[in-house]
Amino acid sequence: MKPFSMTYWRKLASREWFSMLISVVLAALLWNFVGGEQTVDKNVMIPVEVINLPRDLVISNQYKKEIEVAVNGPRALILELEGRQITRQIDLSKAVPGTTVITNDVDSIPMRRGITVLRVQPASIILSLDKLIQKKFSINPVTTGEPSPGYILKRLQMDPETITITGPETVLSQYDVLRTKVININGLRKSIQQQVPLDLEPAIVDLIGETTITADITVALETVQKQYKIKLAEPIKTGDKLIEQVHVIANVPKLLINNKTNVASLLSAMVVEDKENGFGVVRIIPSKELTLPVEVISIDPATVELEKPPAAPEQVPQSQAEPSSLEQQGATEPEQPETTAN
């Protein structure tokens with residue numbers, strides 16, 4: 001067998017001591033490479049990861065989401081840390097409501113072999129654990145100013161009217177309602193819809209973020225209740241009584257009153273026949289010169305009886321008519337004489 005031939009190397013490789021020798025040599029080379037490489041110190045930021053938090057609990061305080069870790073090791077291994085997903089895990093599977101202090105020691109940070117954790121900042125993490133609840137809040141609008149003279153704020157409705165928030169019990173228990181930022185209604189003459197942000201405390205913003213709702217603002221004319229006598233366009237006779245006017249109660253815009261408008265002269269009354277029920281219904285008709293709407297509340301009388309036209313004489317059918325004078329005398333048509341052929 002030739003020395004260093006293929007057969008020679010195969011037999012040599014098959015021996016147990018030879019494979020062990022190769023492993024020792026490779027380990028020595030690796031140790032020499034790693035051990036001989038220059039070691040460095042470096043500060044790295046490691047994210048904090050909370051795991052196994054019970055569903056009925058919530059962390060109610062602010063805490064650092066990253067910690068600073070000082071490490072020492074070969075330069076190549078230190079550079080690899082940036083590509084590895086190393087986290088500081090905090091297991092809260094056995095947590096209960098209250099304050100929990102988590103200690104950050106060098107053993108709490110998982111590092112690969114060859115890297116040494118020198119220190120961790122901060123040395124501890126304080127977590128406030130609270131019961132997780134849901135609470136419904138009404139939304140209260142906050143306004144400033146007044147509508148234009150002669151107008152009133154009739155309704156101010158929020159959409160939505162309530163908001164349900166899920167969060168820590170100790171935080172939500174401090175509030176009963178949510179309020180809007182100031183809504184300016186000064187000088188309004190008509191109804192509008194407006195997007196309004198809520199005026200929230202930072203603790204609520206952390207839970208639901210900046211929130212905007214819709215304000216439905218209804219502005220109406222300010223009215224005064226007045227009584228008027230309105231003449232009928234055509235007097236109506238019902239029985240022995242002649243009705244020439246009706247009494248009307250109406251809500252009249254205050255602007256018309258302030259302007260000394262003669263409202264009664266701008267309203268007229270007429271009777272419309274209700275053929276189905278057989279009586280007349282009184283209607284109030286506003287003039288085209290009436291620039292603002294008048295709301296009629298009541299009319300007295302609201303209905304009147306209409307006189308029925310005299311009934312036409314009943315026509316007797318011919319078959320039931322009285323017999324003619326000839327029939328009364330029993331007269332008949334004379335018989336024709338009978339003719340005989342010769």
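Trainee: Where is the place of Asp 199?

Mentor: It helps to start with the fold elements: helices (H or I, at least four residues) and strands (E, at least two) are DSSP runs numbered from the N terminus. Here, Asp 199 sits in strand 13, residues 192-199. Before we go on, this is a predicted model, so local features need pLDDT of at least 70 and side-chain atom pairs count only at pLDDT 80 or more, while totals for chains, interfaces and linings use all residues. Residues are numbered from 1 along each chain as its sequence is written, and side-chain values use heavy atoms, with hydrogens and water left out.

Trainee: How many helices and strands does the protein chain have?

Mentor: Its secondary structure comes to seven helices and 20 strands.

Trainee: Back to Asp 199: does it count as buried, partly exposed or exposed?

Mentor: Go by relative accessible area: buried is under 20%, exposed is over 50%, and partly exposed is in between (1.4 Å probe, protein chains only). Asp 199 has 49% relative accessibility, so it counts as partly exposed.

Trainee: And which residues does Asp 199 touch?

Mentor: A contact means heavy atoms within 4.5 Å. Leaving aside residues up to four places away in sequence, Asp 199 touches Arg 179, Thr 180 and Lys 181. Val 182 is 17 residues from Asp 199 along the chain, with 8.6 Å between their C-alpha atoms.

Trainee: What about Thr 211, buried or exposed?

Mentor: Thr 211 has a relative accessible area of 17%, so it is buried. You'll find Thr 211 in the loop between helix 5 and strand 14 (212-221). Beyond four places in sequence, Thr 211 touches Ile 163, Val 196, Pro 197, Leu 198 and Leu 200.

Trainee: Which backbone oxygen lies 3.1 Å from a polar atom of the Thr 211 side chain?

Mentor: Check the polar contacts: N or O pairs within 3.5 Å, where within protein one atom must be able to donate a hydrogen and the other to accept it, and residues adjacent in sequence count only if both atoms are side-chain atoms. For Thr 211, the partner is the backbone oxygen of Gly 209.

Trainee: Why does Asn 104 count as buried?

Mentor: Because its relative accessibility is 5%. Asn 104 lies in the loop between strand 5 (98-103) and strand 6 (116-121).

Trainee: What do the polar atoms of the Asn 104 side chain pair with?

Mentor: There are two partners to look at here. The side chains of Asn 104 and Arg 88 are joined by a polar contact of 3.0 Å, and the backbone oxygen of Pro 122 is 3.0 Å from a polar atom of the Asn 104 side chain. Among the residues that Asn 104 touches, again beyond four places in sequence, are Ile 67, Val 120, Ala 123, Ser 124 and Ile 125.

Trainee: Which backbone oxygen does the side chain of Ser 265 reach?

Mentor: That of Asn 262, at 2.7 Å. Ser 265 lies in the loop between helix 6 (254-258) and strand 17 (267-274). Ser 287 is 22 residues away from Ser 265 in sequence and 8.6 Å away in space, C-alpha to C-alpha.

Trainee: Zooming out, what share of the 342 residues in the protein chain is buried?

Mentor: Buried residues make up 27% of them. Of the contacts between residues at least 6 apart in sequence, 69% join residues at least 24 apart.

Trainee: How much area does the protein chain expose?

Mentor: Accessible areas come from the Shrake-Rupley method with a 1.4 Å probe; for residues, only the protein chains shown count as cover. The protein chain exposes about 24500 Å², and carbon and sulfur atoms supply 50% of that.
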